[in-house]
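Trainee: Hi, have you got a minute to go through this one with me? I'd like to talk about how the chains meet.

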Number of protein chains: 6
Amino acid sequence: MFSVTVRDHMMVAHSFTGAVFGPAQRLHGATFVVDATFRRGELDASGIVVDIGAAAELLHAVLGDLTYRNLDDEPDFAGTNTTTEVLARVVADRLARGIRDGALGPGGGDLDGLAVTLHESHVAWASYDRPL
Amino acid sequence: MFSVTVRDHMMVAHSFTGAVFGPAQRLHGATFVVDATFRRGELDASGIVVDIGAAAELLHAVLGDLTYRNLDDEPDFAGTNTTTEVLARVVADRLARGIRDGALGPGGGDLDGLAVTLHESHVAWASYDRPL
Amino acid sequence: MFSVTVRDHMMVAHSFTGAVFGPAQRLHGATFVVDATFRRGELDASGIVVDIGAAAELLHAVLGDLTYRNLDDEPDFAGTNTTTEVLARVVADRLARGIRDGALGPGGGDLDGLAVTLHESHVAWASYDRPL
Amino acid sequence: MFSVTVRDHMMVAHSFTGAVFGPAQRLHGATFVVDATFRRGELDASGIVVDIGAAAELLHAVLGDLTYRNLDDEPDFAGTNTTTEVLARVVADRLARGIRDGALGPGGGDLDGLAVTLHESHVAWASYDRPL
Amino acid sequence: MFSVTVRDHMMVAHSFTGAVFGPAQRLHGATFVVDATFRRGELDASGIVVDIGAAAELLHAVLGDLTYRNLDDEPDFAGTNTTTEVLARVVADRLARGIRDGALGPGGGDLDGLAVTLHESHVAWASYDRPL
Amino acid sequence: MFSVTVRDHMMVAHSFTGAVFGPAQRLHGATFVVDATFRRGELDASGIVVDIGAAAELLHAVLGDLTYRNLDDEPDFAGTNTTTEVLARVVADRLARGIRDGALGPGGGDLDGLAVTLHESHVAWASYDRPL
């Protein structure tokens, strides 16, 4: 099994609903350093999993729709706690949609799976892993 | 599959028995930077794998029983080489016991697995991965 | 010259005023991983710059007054852009006040200077360095 | 499942064939920071996955045959794009051969698998994972 | 004193002349992860050292003239060993020229100094520090 | 001003004397990831600060006299707390002696200064900086 990972980041404001979140119930924010991993059983004829430049652009576009925003105001997240785990799935699912829409070229169809890790600090991170 | 990871550390002395260990047969020590990863198929109603604050406290408590000690003097480890691998399992098994004892609340029962990585330097680390 | 550094973090929301900030004029947020460095010409009789535990507690207390907040709502920052640079100075000046108030014990008076670095992502950080 | 990872690096020149590579079709170079992970179901009698010193030496030897070279001139890679993915497999397969040849001692035969990650920059890396 | 740092990278091939370089006399390559630090005594009216977006663009432009190239073929470096130290100065001097040419706006004229660090691996890096 | 830094590590046991050290008064241990920085005003004719290979070997030799030991038993440290700060000075002073003894060749005489940083964990480190 092969994989390729690209890293980017986003900076968002949000608040959480639920006593379990303690002081994070207040409006606060986070930098998420985001690693997107693309998996494939065999390499293509060029010797790659995906065009790493296209993968970086796709990730940047997905994060561009989230960064520099207050997620509490985004209709997509109404009634949802935008926890690190939830955002990892949001990013992964949007990457998957981009791949289906051809953002990684025809080779994107040969990918087996996708994992997204969001680092919220130097001491905590969350991941979501899904098939393609 | 979702996961959440928290990081902490411990600082211990120990020595190893066996020619394979070379100079590490002498009493020496290590900082272990410890990553504990909690896995779960679906998020709970709050949108989390576990309460990350509770997870960090549980890890800190488990490491608190090991840190600032000479492991050669700990009855729990009599006759055992406290290698990085062995300590990764010790930390994972103690986290699993804490989860069974309710340290992560009722949601702890929905966790599927646990992985613990101990970084012994910038060029070496070991992991232990187990179901829950 | 000796120095000791401790690392902690804070997670805040804020927005900026001024066209130079582009999309960061919107309400967004950041995790700041914060390194506080304490400098001293000579070590004390125990062989330390400062009690590293006390230094970590002081930093944690200073960050505790900022984290999990929307800085746009804090009276201390009314009319101020809470840029990474500005926050580095805020943290440094509050550490300096804590040192003057005895948070690091009498040895705190022997410190020569202080530097604070705030990492806002894996690709950008800012520092403020001041004498004591 | 247990694993042990050791880190080393190599510095190579190469060029790629195919429009997908854009400017990387020109002769350029890379530092690859290489992580080799060795997996095993149970620890040996000493409490280890492998002798970490022997594992580090084996990795260093494998990288020693690649580093400080122009890979375009290496007969082993004639007609092959030495992408990060391809090189991850080359390193993994050469480690596997070394293990079969006894470089990790008899315990090497108890390893279940091997993963190799090559970090090409702070924002991109690739892995290859194989059974043993 | 305030500073702001931005990080980017370049990937080059080169060889060195001189027995001191051992195997690095052969054509090989490197990824340089590049940190550019801009220093200033006081912040501007917006609360910044420089427009961090403009600083990142300037660094990216400077590295764009070097990356994906064989430096042995660049006329600018004829007869020069493009060591990590030498390249740190090249990048710093080109940043300084860009600042003089207005790439950071009029505030660029208030900068006191500049430091550039090139990380050639996880275990070695070099810096060049100069006034402005 | 130019500098070159090389990184290595050591793993030691020790204990501290003094109530300020709390639980670290017990015998424990640490991995110190050690960065040694060599400074010089101008590069030599080869375009380097020092032969980076020789610098790495010198650092490795200095750390080789400390690693895999219980520092409480070392005559050199009788009556001394081997704190991170103290060990940073020990490593720096031994590097300086090695440089005087020619370990970095005649160019070692052109170095202006030396800094040593010991990372004791992911959240704490100490440095010692001295002229040459």
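Mentor: Happy to. Let's take chain F and chain E: their contact takes 17 residues from chain F and 16 residues from chain E. Keep in mind that this is a predicted model.

Trainee: Noted. How much area is buried between chain F and chain E?

Mentor: About 1300 Å², and carbon and sulfur atoms give 55% of that area.

Trainee: Which strand of chain F gives the most to the side that touches chain E?

Mentor: That is strand β1 of chain F, residues 2-14, with six residues. Sorted by class, the side of chain F that touches chain E has nine nonpolar, four polar and four charged residues.

Trainee: And how many salt bridges does the rule find across that interface of chain F and chain E?

Mentor: Zero. For polar contact, though, the rule finds seven residue pairs across the interface of chain F and chain E, with both residues at pLDDT 80 or more.

Trainee: Back to the strand, then. In what sense do β1(F) and strand β5 of chain E pair?

Mentor: In the antiparallel sense, over five bridges; strand β5 of chain E covers residues 124-131. To find a spot on screen, go to E:Trp125, whose bridge partner in β1(F) is F:Thr5.

Trainee: Nice. What rotation superposes chain F on chain E?

Mentor: A rotation of 120°, with 0.0 Å of shift along its axis, and the RMSD is 0.0 Å. So the two chains have the relation of a three-fold axis. The C-alpha of chain F nearest the axis belongs to F:His122, 8.9 Å from it.

Trainee: OK, switching to chain A and chain C. How many residues does each give to the contact?

Mentor: Chain A gives 23 residues and chain C gives 23 residues. The area buried between chain A and chain C is about 1900 Å², with 64% from carbon and sulfur atoms.

Trainee: What does the rule find there for polar contact?

Mentor: Across the interface of chain A and chain C there are 11 residue pairs in polar contact, both residues at pLDDT 80 or more. The salt bridge count across the interface of chain A and chain C is zero.

Trainee: Which elements of chain A give two or more residues to the side that touches chain C?

Mentor: They are β1 (2-14), β2 (28-40), β3 (69-70) and β4 (113-121) of chain A. The largest share, six residues, comes from β1(A). By class, the side of chain A that touches chain C has 10 nonpolar, eight polar and five charged residues.

Trainee: And what turn lays chain A on chain C?

Mentor: A turn of 180° with a shift of 0.0 Å along the axis, giving an RMSD of 0.0 Å. The two copies are therefore related as by a two-fold rotation axis. The same surface serves both copies, as 100% of the contact residues of chain A recur in chain C.

Trainee: Then what about chain A and chain E, touching or apart?

Mentor: Chain A and chain E do not touch, and their nearest C-alpha atoms are 12 Å apart. No contact joins chain B and chain C either, with their closest C-alpha atoms 12 Å apart.

Trainee: Last one: how many salt bridges are there over all chains?

Mentor: The whole structure has 36. In one of them, the side chains of A:Arg130 and A:Asp93 meet at 2.9 Å, N to O. A:Arg130 sits in strand β5 (residues 124-131) of chain A and A:Asp93 in helix α2 (residues 84-100) of chain A, so this pair links distant parts of the chain, 37 residues apart.

Key: Residues are numbered from 1 along each chain as its sequence is written. Chains are lettered from A and ligands numbered from 1 in the order in which they are written. This is a predicted model: local features need pLDDT of at least 70, side-chain atom pairs count only at pLDDT 80 or more; totals for chains, interfaces and linings use all residues. Side-chain values use heavy atoms; hydrogens and water are left out. Contact means heavy atoms within 4.5 Å. Buried area is the accessible area (1.4 Å probe) that two parts lose on being put together, summed over both. A salt bridge is a side-chain nitrogen of Lys or Arg within 4 Å of a carboxyl oxygen of Asp or Glu. A polar contact is a pair of N or O atoms within 3.5 Å; within protein, one must be able to donate a hydrogen and the other to accept it, and residues adjacent in sequence count only if both atoms are side-chain atoms. Helices (H or I, at least four residues) and strands (E, at least two) are DSSP runs, numbered from the N terminus. Ala, Val, Leu, Ile, Met, Phe, Trp, Tyr, Cys and Pro count as nonpolar, Asp, Glu, Lys and Arg as charged, and the others, Gly among them, as polar. Two strands pair if DSSP finds at least two bridges between them. Copies are superposed by least squares on the C-alpha atoms of residues with pLDDT of at least 70 in both.
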